[in-house]
Amino acid sequence: MATYCINSNPQPDSGDYEVHRTSHPACIRLPLLSNQVNLGEHLNCHSAVSYVKQQNPSIAHKIDGCYWCINECHNH
């Protein structure tokens, strides 16, 4: 299991909110600590992304995995 967070600020170019892995190996592009919203532990990035989409249905289409740390969950 790994721990994940989501950046509370959308990406300037796409408007997406990115999910990042915070446990080892942690993302090399983590947002500032003040912008991290803890998502807790998940079996994999798919579970973390799905969890945050369920918690935020109005922006679910704007939630994406980080290209750098969970590329298998990056959709754009």
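# Exercises: getting around a predicted model

Cys-73 sits in the segment after β4. We'll start from there, keeping in mind that this is a predicted model.

## Exercise 1: Cys-73 and its surroundings

Find out whether Cys-73 is buried or exposed, and which residues it is in contact with, leaving aside its neighbours within four places in sequence.

*Solution.*

Step 1. Look at the relative accessible area. For Cys-73 it is 5%, and buried means under 20%, so Cys-73 is buried.

Step 2. Set aside the neighbours within four places in sequence and list the contacts. You get Cys-45, His-46, Val-49, Asp-64 and Gly-65.

Step 3. Try a residue from another part of the chain, too. His-24 is 49 residues from Cys-73 in sequence, and their C-alpha atoms are 17 Å apart in space.

## Exercise 2: Sorting out the cysteines

How many disulfides does the structure hold? Work out which cysteines form a disulfide, and why Cys-5 and Cys-66 have no bond to their closest cysteine sulfur.

*Solution.*

Step 1. Recall what you're looking for. A disulfide is a covalent bond between the sulfur atoms of two cysteines.

Step 2. Check the sulfur distances, with 2.5 Å as the cut-off. Cys-45 and Cys-73 pass, with their sulfur atoms 2.0 Å apart. The structure holds one disulfide.

Step 3. See what this pair links. Cys-45 is in helix α1 (residues 45-55) and Cys-73 in the segment after β4 (63-65), so distant parts of the chain, 28 residues apart, are joined. Both Cys-45 and Cys-73 are buried.

Step 4. Add the handedness. The torsion about the S-S bond of Cys-45 and Cys-73 is about 80°, which means the disulfide is right-handed.

Step 5. Now for Cys-5. Its closest cysteine sulfur is in Cys-69, 7.9 Å away, and that's too far for a bond. Cys-5 is buried, at 1% relative accessibility.

Step 6. Do likewise for Cys-66. The closest cysteine sulfur is in Cys-27, and 3.7 Å is too far for a bond. Cys-66 counts as buried, with a relative accessibility of 0%.

## Exercise 3: One face of a helix

Which residues of α1 are buried, and what do they pack against?

*Solution.*

Step 1. Pick out the buried residues of α1: Cys-45, Ala-48, Val-49 and Val-52.

Step 2. Look down the axis of α1. Its buried residues fall within an arc of 95°, so they line one face of the helix.

Step 3. Connect that with how helices turn. An α-helix has 3.6 residues a turn, so residues three or four places apart point the same way.

Step 4. Turn to the partners. The buried residues of α1 pack against β1, β2, β3 (36-42) and β4.

## Exercise 4: The salt bridge

Which side chains meet in a salt bridge, and which parts of the chain does the pair tie together?

*Solution.*

Step 1. Find the pair. The side chains of Lys-62 and Asp-16 meet at 3.7 Å, N to O. The structure holds one salt bridge.

Step 2. Place both ends. Lys-62 is in the loop between α1 and β4, while Asp-16 is in the loop between β1 (2-7) and β2 (17-21), so the salt bridge ties together parts 46 residues apart in sequence.

Step 3. Check the accessibility. Lys-62 is partly exposed, with a relative accessible area of 25%, whereas Asp-16 is buried, at 6%.

## Exercise 5: Around Trp-68

What is the geometry of the aromatic pair formed by Tyr-67 and Trp-68, and which residue lies over the face of Trp-68?

*Solution.*

Step 1. Count the aromatic pairs: there is one. In it, Tyr-67 and Trp-68 are 5.0 Å apart, centre to centre, with 85° between the planes.

Step 2. Compare that angle with the cut-off. Planes over 60 degrees apart count as edge-to-face, and that is the label for Tyr-67 and Trp-68.

Step 3. Look over the ring face. Arg-29 lies there, 4.1 Å from the ring centre of Trp-68.

Step 4. Check the accessibility. Tyr-67 is partly exposed at 45%, and Trp-68 is also partly exposed, at 47%.

## Exercise 6: Ile-70

Is Ile-70 buried or exposed, and what does it touch beyond four places in sequence?

*Solution.*

Step 1. Place Ile-70 in the segment after β4. At 0% relative accessibility, Ile-70 is buried.

Step 2. List the residues Ile-70 touches, not counting those up to four places away in sequence: Tyr-4, Val-19, Arg-21, Cys-45 and Gly-65.

Definitions and conventions: Residues numbered from 1 in each chain as written. Predicted model: local features only at pLDDT ≥ 70, side-chain atom pairs only at ≥ 80, totals over all residues. Heavy atoms only, no water. Phe/Tyr/Trp six-rings, centres within 6.5 Å; stacked < 30°, edge-to-face > 60°. Buried < 20%, exposed > 50% of the residue type's maximum accessible area, 1.4 Å probe, protein only. Lys NZ or Arg CZ within 6 Å of the ring centre and 35° of its normal. Helix = DSSP H or I, 4+ residues; strand = E, 2+ residues; numbered from the N terminus. Salt bridge = Lys/Arg side-chain N within 4 Å of Asp/Glu carboxyl O. Arc of directions from axis to C-beta. Contact = heavy atoms within 4.5 Å.
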